[in-house]
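Please open the model in your viewer and keep the selection panel at hand. The tour goes from one selection to the next and says what is found at each stop.

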Amino acid sequence: MLALAAAGLIAALASGRPELALLSLPFLVFAGAGLILAQEPHLAAEVELDRTRLLEGETVVATVWVRNDGQDRVEVELAPVRSRYLTLEPAGVVAVDLPAGAEARVAFAAHPRRWGAHAVGPLVVHARDPLGVTTWEGRLGRRLHLRAFPREQRLRELVAPVRTRPFLGTHVARARGEGIEFADIRPFQVGDRVRQINWRATARRGAPQVNERHPEHSSDVVLLLDTFEEARDQAGGTLDAAVRAAAGLARAHLARRDRVGLVDFGGTLHWLEPAIGTTQLYRIIDALLASDIAFSYAWRNVDSIPLRVLPPGALVLAISPLLDERSTALVTDLRSRGCDLTVIEVSPLDHIAPGPSAADAVAYELWRLQREALRARLQSLGIGVAVWGRDGTLGPALEGVNAFRRSAQHAVRV
Amino acid sequence: MLVGLASLVIADAGEASQLAWLGAGLAALSLAVGLVAGSVTAVHTAIALLGTMFLLRHDTRLLLAPPYGAGLLLIDDLAAQTIELRGVSQIGPAVIGARTGAALAVAAISACAAAAAALAVTAAPGRSVTVTALGALAAVAAFAAIVRSARRRYRASDGGEAPGAPSPAAPSGAPTSPAE
């Protein structure tokens, strides 16, 4: 505007036409008035969340209030800073007019597109004087953290561990002892309780017979989350589903009094030692919220995992899209060391579509066959593989694994 | 508003009406491009074209120049406001009204000031080196005063800023996209 006024004045002087000076005068007055009227704004602003914890898919209201503590009217454009997977509605910038001493409140609907730790704030604020000649910009308010917990699937069927711990749980142990599940009948021995006598068998055999039972034990379960690589499309990625599966499995196993640990195995390595209880569930979910794909060339193997994280006889549930060679090597290594291992394959096929050309279709089919071959190789090593697609539920996949582990093909070499 | 200003010129352009038509068309095109592309430079080009077209009028009386200049100012301000609010998804009820009202008030005052200046010029139409030098000095002084005021304001804001107050920045129409 000043440039226009200056150009007009110079042209008027050069051409000797006073009209141009008169045309420029309003611009000069406008710029001068704008600068005289413009006072530094005194703004206070804050973001408030109606809650800081929610399940993914839910919406939280982020209320932004901004107050003009100055003496002049200001036009304020504000936009809360947000993290990558957080959507705000209205999206973008909101403009409000604030007379002196006035306060405005704007409600944003914050919708996490996936689980994780999100953040809202501070506010990016642009303030303009009443004529719009001067603009101030800055950041106001605090950064608020929002935790979106993964939606878990309710699991009725879990992978039955081969070994159990001699502590009360819900898994029927292979050993015989005090329990509910019937195991066998044997002759009475000194020290057996009378209530254990099977009177029908005793009547048939003519000598006292007692029932033997399987005790209900708990087990150690280690969730191995593969964060080397993921397949992602607009609707989500394999890591999203893997975290949901891990959270669901942790909750279900902890409810059955198992000790559950977590290993986040990828570009960065994080772990939680196995433990029981609700506190451990929250620890695991907190650790899962922080998990992300970290690109790395580092070759990691089972030696990278501390021994105390993998107790002997623990059931290891590896949740992986099986996209990275390092994760495949890890599961085969674990199995070769005698680990009771099951792979929950979060299928990347749902996230990757074949290309448009015929060659692309052939390549896609080859890749799919390679994956099937890899799965067959793992199964030949005695590793149960549960394939979990985007639209499927995890329960039936785990039932398939249990069937595989019970079948004659599976020789558990533990 | 652009059509109204252009028709004022075209109606009195006489033999230069074709040139006036051409200028009006170019100004309209430049303004449209500015609004669509969010370019303030294109808007200013349109304003400069419309201002230059004013010289095509045969009527050399100066009293039409102040309202014409105020009209140009309003076009410029409304276009700038449109460009600034392009990225805004939600606009408060009083935002446009308050600023447009302020711009209208300043345009009216500046039109009056320009009219007073026009009257002064008309009263003493003789051109001399002294008058021209005085006029030039007055223009430069006014311009310098405004620039100085702006610089002082920016420097003061840069230094002792109140805690939490936004810091000043060069005026910009581009909204921030705050996704991290």
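Select strand E6 (residues 93-98) of chain A together with strand E1 (residues 88-91) of chain B: in this predicted model, the two strands run parallel and are joined by three bridges. To find the register of this pairing across the two chains, pick A:Val93, whose bridge partner in E1(B) is B:Val88.

Now widen the selection to everything in chain A that is in contact with chain B, which gives 61 residues of chain A against 65 residues of chain B. The elements that give two or more residues to this side of chain A are helix H1 (2-15), helix H2 (18-37), strand E1 (43-49), E4, E6, E8 and strand E9 (135-140) of chain A. Among these, H2(A) gives the most, with 15 residues. If you colour the side of chain A that touches chain B by residue class, you will find 41 nonpolar, 10 polar and 10 charged residues.

On the chain B side, select helix H1 (residues 2-11) of chain B, whose buried residues are B:Leu5, B:Ala6, B:Leu8, B:Val9 and B:Ile10. Then add helix H2 (17-37), helix H3 (40-53) and helix H4 (65-84) of chain B, which are included in what covers those buried residues of H1(B).

Return to chain A and select strand E4 (residues 74-82). Is this strand enclosed or open to the outside? Nine of its nine residues are buried, where a residue counts as buried if 20 or more other C-beta atoms lie within 10 Å of its own, and E4(A) is therefore largely enclosed by the rest of the structure. Two pairings can be displayed from here. E4(A) pairs with E6(A) in the antiparallel sense over five bridges, and within that pairing A:Glu77 stands opposite A:Ala95. E4(A) also pairs with strand E8 (residues 116-128) of chain A, again in the antiparallel sense, over seven bridges; here A:Glu75 has A:Arg128 as its bridge partner.

The next selection is a sheet of chain A, made of the four strands E1-E3-E7-E5 in that order, which is open and antiparallel in its pairing. E1 and E5 of chain A stand at the edges with a single partner strand each, so one side of each is left without a neighbour in the sheet. From one strand to the next, the twist averages 25°. Focus on the edge formed by E5(A), which pairs with strand E7 (residues 103-112) of chain A over four bridges in the antiparallel sense, and label A:Glu89, which stands opposite A:Ala109 in E7(A).

Stay with A:Glu89 and step forward to A:Pro90: the peptide bond between these two residues is cis, with omega about 5°. A:Pro90 lies in the loop between strand E5 (86-89) and E6 of chain A. From A:Pro90, move to A:Phe108, which is 18 residues away along the chain although the two C-alpha atoms are separated by 6.1 Å. A:Phe108 lies in strand E7 of chain A and counts as buried, because it has 23 C-beta neighbours inside 10 Å. Leaving out residues up to four places away in sequence, A:Phe108 touches A:Ala62, A:Val64, A:Pro80, A:Leu88, A:Glu89 and A:Pro90.

Further along chain A, select the six strands E19-E18-E15-E20-E21-E22, which form an open sheet in that order with mixed pairing. Strand E19 (269-275) and strand E22 (384-388) of chain A are the edge strands, each pairing on one side only, and the twist averages 15° from one strand to the next. Inside this sheet, E20(A) runs parallel to strand E21 (residues 340-346) of chain A, joined by six bridges, and A:Val316 has A:Leu341 as its bridge partner. Adding helix H8 (residues 394-406) of chain A shows a helix that packs on the sheet and touches E21 and E22 of chain A, its direction making about 160° with that of E22(A).

Two loop residues complete the tour. A:Leu322, in the loop between strand E20 (315-320) and helix H6 (325-336) of chain A, has a positive phi near 55° although it is not glycine, and it is buried, with 23 other C-beta atoms within 10 Å. A:Arg257 lies in the loop between helix H4 (238-255) and strand E18 (259-266) of chain A; its phi is also positive, near 65°, but with 18 C-beta neighbours inside 10 Å this residue counts as partly exposed.

Key: Residues are numbered from 1 along each chain as its sequence is written. Chains are lettered from A and ligands numbered from 1 in the order in which they are written. This is a predicted model: local features need pLDDT of at least 70, side-chain atom pairs count only at pLDDT 80 or more; totals for chains, interfaces and linings use all residues. A residue is buried if 20 or more other C-beta atoms lie within 10 Å of its own, exposed if 12 or fewer, and partly exposed in between; C-beta atoms are placed from the backbone. Two strands pair if DSSP finds at least two bridges between them. Two residues are in contact if their C-beta atoms, placed from the backbone, lie within 7 Å. Ala, Val, Leu, Ile, Met, Phe, Trp, Tyr, Cys and Pro count as nonpolar, Asp, Glu, Lys and Arg as charged, and the others, Gly among them, as polar. Axes are lines fitted to C-alpha atoms, for helices over the stretch in contact, and angles run from 0 to 180 degrees between N-to-C directions.
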